[in-house]
Amino acid sequence: MIAILLPFVMMQSSGTDFQYTPETEPPMAYFDVVPQQDVAGVFELGVVAYHLEGIDRVEFTVNREGYYCDWNHDDIVDGQDLGILLERWGQGVGGRDITRLLGAWGQSLPWASEVITVNEMTLNPRTGEMEYWFPLDTRSHPDTKITVSAEVFGTVGPSVVLDRDVYDENYPLPQYSGVNLFSNNTGYWPTRELYISPDGDDVNGDGTRKNPYKGLHDALRSGLQQPYAEIGGTTIYLLEGEHTIDASGGWPLNSFRQSNGRYFTITPAPGVASADCKIVANENTSSGGGFLTKSLCRLKDVFVETDQANVLNGGTKRYGGRWYDGCIIKGHDYSEDFDTMFVTGKGGFQWWTDTVHTWTQEGTTGLIMRNCVLDSVACDALELHFAQLLLSIEITNHNPLGGIDPSACHIDYMQYNGIDYIHQNVILRDIYGNHTCRQQGVHGCPGEQNGGAIHNSAWVNVQLSNAGGNGIPECSPTSLIWRWCGAAKNNLFKDCILVQKQDNLPDRHSTFSFNKFNEDGTRNEEGPWTWSDESGWRFQNIKIEDCFEDWDKTQPWFPSPTAGASWSFYGPDELMWNSNMNANEVFENPFGPDDPWLCPITGVYFTQTE
């Protein structure tokens with residue numbers, strides 16, 4: 001990593017100075033942990049973090065509810081606690097824990113905060129991702145609610161703190177969340193296990209494997225009463241057959257409660273393959289929801305295959321959420337009738353891990369998306385308006401209908417278009433999409449609405465091409481591969497490949513811009529609008545490091561200030577292009593490890609370490 005602070009470069013058009021100042025910017029960091037889940041044993045807990053000039057360390061703080069060594073939760077340490085500890089001897093509990101317990105004998109001492117410092121990003125065995133992580137051993141403490149926060153320090157600049165509750169209404173966007181967990185080694189947190197079958201009986205069933213219920217809602221409310229039906233910690237097991245989610249049965253959906261914020265889980269019954277117990281329909285769907293819209297639901301290893309729209313809508317609102325974990329979510333195959341549809345809701349509080357999402361009108365948005373495949377998506381594959389951490393994602397068969405567009409949608413790999421808030425603290429890493437002449441790439445244009453911007457984002461090893469190559473036939477599309485509309489600040493692009501047009505590389509189809517339209521509605525063709533007398537620089541501390549616009553890494557990625565500009569760019573001769581943007585040659589890259597370059601028009605800092 002190069003840390004070179006350039007002297008200011010004079011902006012000829014405005015007479016205003018600017019600099020690359022990474023020492024003023026915080027890191028980008030996010031917990032790679034789905035919040036609110038039950039955990040047991042050793043849980044490897046980590047943060048993914050980047051900074052323009054590198055990360056120095058991550059300091060985790062662990063807080064536990066309850067009292068020190070109070071194993072039976074009666075608010076005082078005594079012989080009963082010693083007896084429980086001895087029963088658990090050898091199960092993560094040993095002599096050190098007895099010493100702590102005897103030191104607290106007869107007292108009620110709140111747990112002190114525990115601070116763990118991690119200095120290096122390594123492979124987390126739980127997630128398979130490079131993270132700043134540590135092993136949280138939940139066995140040597142009484143089961144309780146655990147809250148973990150983190151402070152992340154770059155090599156320069158201010159730190160960033162991840163400590164907000166994901167459901168804190170004071171922060172409507174969960175951009176700097178900590179993590180709540182429920183340690184449950186001894187059954188302190190209540191659980192229920194119920195079975196459902198397409199051949200079950202909601203009247204005479206009892207929810208056992210031998211006598212299952214038929215309906216999901218019927219099973220959830222069995223033995224409970226309105227309006228305080230506590231369902232957190234419930235597991236619904238799917239037996240063989242095709243399942244239809246039943247209607248709520250007259251119960252208001254908000255009468256299902258999860259007061260402690262714990263999930264209920266839907267998963268195949270032990271010994272049943274997910275393909276043998278598919279969810280295929282819902283009796284009570286609508287565009288606005290219908291399936292436990294305010295509940296926290298984890299679908300674990302579930303196979304959904306349906307021709308019905310909106311089967312899994314809902315559950316994406318505040319105090320709710322969907323966690324798709326190890327699932328296959330498959331919608332209607334529209335290759336013959338062009339009838340695209342949504343299976344899930346695409347916004348709000350969702351988490352996607354180890355999941356395939358296929359044959360759907362648009363992709364989805366997860367606060368966290370890890371190790372996912374988005375296949376046969378007709379329109380935007382990744383709706384990034386809520387996304388915070390995206391890791392190891394592959395986009396396959398994007399826009400499988402090719403030139404046929406059944407819904408007049410915008411066909412992008414990724415979209416941030418037209419938001420009216422500052423989206424910030426976003427990390428995208430190891431994302432791959434490659435098709436020929438069928439779609440746009442990244443369409444990041446929040447600046448087209450008042451208040452919209454992208455601050456504090458890191459794009460690492462994002463590889464996208466709508467021009468083929470790398471084993472796929474090449475073509476020369478007219479669509480953009482990357483468009484970045486300000487305002488933007490503290491954005492890092494590292495080790496990315498965004499493949500441009502192959503027949504005329506100087507006609508850059510990767511652009512910086514700001515306002516696409518003037519106030520009177522006419523199209524803005526007067527330049528990049530990098531500077532504003534009212535708000536200063538539109539693009540501040542944007543760093544492009546080791547990025548290329550071809551698979552062979554011979555052409556550095558160098559976005560133009562705007563597409564079709566009517567003005568001429570000035571700068572190093574090797575980076576010159578003419579005013580009509582269709583020169584027939586590309587010059588050798590002039591910047592490198594020893595001579596990084598700050599573009600005086602876009603305000604972008606370019607460098608390479610290779």
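## The E8–E9 hairpin

Strands E8 (residues 122–124) and E9 run antiparallel and are joined by 3 bridges. Keep in mind that this is a predicted model. If you want a landmark for the pairing, look at Asn 124, whose bridge partner in E9 is Glu 129. The hairpin these strands make has 4 residues between them, and Gly 128 takes a positive phi there, near 75 degrees.

E9 has another neighbour, too. Strand E5 (residues 42–50) is joined to strand E9 (residues 129–137) by 6 bridges, and that pair is antiparallel as well. Here you can find Phe 43 standing opposite Leu 136 in E9.

## The four-stranded sheet

Put those strands together and you get part of an open sheet of 4 strands, in the order E3-E5-E9-E8, with antiparallel pairing. Its edges are strand E3 (28–31) and E8, each of which pairs on one side only. On average, neighbouring strands in this sheet are turned by 40 degrees against each other, direction ignored.

What should you expect of side chains along strands like these? In a regular strand they alternate between the two faces of the sheet.

## A parallel sheet further along

There is also an open sheet of 5 strands, and this one has parallel pairing, with the order E27-E29-E31-E33-E36. Strand E27 (382–383) and strand E36 (510–513) are the edge strands, so to speak the outer rails: each pairs on one side only.

Inside that order, strand E31 (residues 440–444) and strand E33 (residues 482–485) run parallel and share 3 bridges. One residue to pick out is His 443, which has Arg 483 as its bridge partner in E33.

## Thr 235 in strand E15

Now for a single residue: Thr 235 is found in strand E15 (residues 234–238). Is it buried or exposed? Thr 235 has a relative accessible area of 16%, so it counts as buried, the cut-off being under 20%.

Which residues does Thr 235 touch, once neighbours within four places in sequence are left aside? Its contacts are Arg 192, Glu 193 and Leu 194, along with Thr 265 and Thr 267.

## Cavities

Rolling a probe the size of a water molecule over the atoms shows where empty space is left. In this structure there are 4 cavities of 30 Å³ or more, and the largest cavity holds about 60 Å³ of space.

The lining of the largest cavity includes Tyr 30, Phe 31, Val 33 and Pro 35, as well as Val 166, Ser 177, Gly 178 and Val 179. Trp 351, Leu 367 and Ile 368 also line it. By class, that lining has 9 nonpolar and 2 polar residues, and no charged ones.

## The second largest pocket

The second largest pocket contains about 280 Å³ of space. It is lined by 15 residues, and those closest to its centre are Gln 258, Ser 259, Gly 261, Leu 296 and Tyr 319.

How does the lining of this pocket divide by class? It has 7 polar, 4 nonpolar and 4 charged residues. Set that beside the largest cavity, where the lining has no charged residues.

Notes: Residues are numbered from 1 along each chain as its sequence is written. This is a predicted model: local features need pLDDT of at least 70, side-chain atom pairs count only at pLDDT 80 or more; totals for chains, interfaces and linings use all residues. Side-chain values use heavy atoms; hydrogens and water are left out. On a 1 Å grid over the protein atoms alone, a cavity is a set of points where a 1.4 Å probe fits but cannot get out, and a pocket is an open set with protein on both sides within 12 Å along at least five of seven lines; lining residues have an atom within 4 Å of a point. Grid points are joined across faces, edges and corners, and a volume is the space filled by probe spheres set on the points. Ala, Val, Leu, Ile, Met, Phe, Trp, Tyr, Cys and Pro count as nonpolar, Asp, Glu, Lys and Arg as charged, and the others, Gly among them, as polar. Two strands pair if DSSP finds at least two bridges between them. Helices (H or I, at least four residues) and strands (E, at least two) are DSSP runs, numbered from the N terminus. Buried means under 20% relative accessible area, exposed over 50%, partly exposed in between (1.4 Å probe, protein chains only). Contact means heavy atoms within 4.5 Å. Axes are lines fitted to C-alpha atoms, for helices over the stretch in contact, and angles run from 0 to 180 degrees between N-to-C directions.
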